[in-house]
Amino acid sequence: MSPVASVSRRDGVINEIRRAVVLGTIKPGEKLTEVQLSEWLNVSRPTVREALNQMAQEGLLVQEPYRGLRVATLDAAAIMDLANTRMALDMLAATAIVEDDSGRRMRMVEESWAEYSQVEMDPDPVIRHESHVAFHRKLWAASENALLLRLWPVTEAHLTIILAQDQAARADPARAHRVHEKLVDAIRTKDLEIIRKAFSEHTVRSAEELIPLLNTESPKE
């Protein structure tokens, strides 16, 4: 973690904590303190407090009575709950995209895929993570569903944790490319059943595959 620049200090703190989670410098379940973060990031404790409170509201951090804040952890049930919820919300977005006769929303999908494809193989895991998250955010944006976008910050917080765990367990950019390419190809067909199967493979099956890997990497005590 590196000192935060003077511009947008709160957002800088949030970005640095997210980066540390993605890189594994900060682990799920790890406690965070204002004093420690203030020293690491060279910002005031009120700035750190503001950033931590926002991250707690979004779900990346969890407030525990008398114990402070820690990075959220997701057990097998929580991972599957998120996968199934994302599946439903992704299908809402996909339905809105394919029902747009103007083609505008589909062009937004193509633009998001082109942007993702440019950096998905980058050696920097943070860049890969950010491009992955941005791709899915833009799919929701392409639906032009305002409520979906309001739900995104909470979804992104939990997605960050899962992607960090996934990356630690099986860093495989080539696999990520294949799965996302199939997803975009499915949306291009405008066939909702084909799209549903592609999202199921991308989201639900991926979660099912990740759970035993996490159990292997971090056996329960």
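Reader: If helices (H or I, at least four residues) and strands (E, at least two) are DSSP runs numbered from the N terminus, which one gives the largest share of the lining of the second largest pocket?

Author: In this predicted model, where local features need pLDDT of at least 70, side-chain atom pairs count only at 80 or more and totals for linings, chains and interfaces use all residues, that share comes from α6, with six residues. A pocket is an open set of points on a 1 Å grid over the protein atoms alone where a 1.4 Å probe fits, with protein on both sides within 12 Å along at least five of seven lines, and lining residues have an atom within 4 Å of a point.

Reader: Which elements give two or more residues to that lining?

Author: They are α1 (9-23), α6 (125-143) and α7 (146-170), with residues numbered from 1 along each chain and side-chain values using heavy atoms, without hydrogens and water.

Reader: And which residues lie nearest the pocket's centre?

Author: Of the 13 lining residues, those are Asn15, Arg18, His129, Glu130 and Glu156. By class, the whole lining has six charged residues, four nonpolar and three polar.

Reader: Changing topic, how do the axes of α1 and α7 cross?

Author: The two axes, as lines fitted to C-alpha atoms over the stretch in contact, come within 8 Å and cross at roughly 30°.

Reader: Which residues meet there?

Author: On the α1 side they are Arg18, Val21 and Val22, and these meet Glu156, Thr160, Ala164 and Gln167 in α7, with contact taken as heavy atoms within 4.5 Å. Arg18 and Glu156 are also among the residues nearest the centre of the second largest pocket.

Terms used. Nonpolar A, V, L, I, M, F, W, Y, C, P; charged D, E, K, R; others polar. Axes fitted to C-alpha atoms, helices over the stretch in contact; angles between N-to-C directions.
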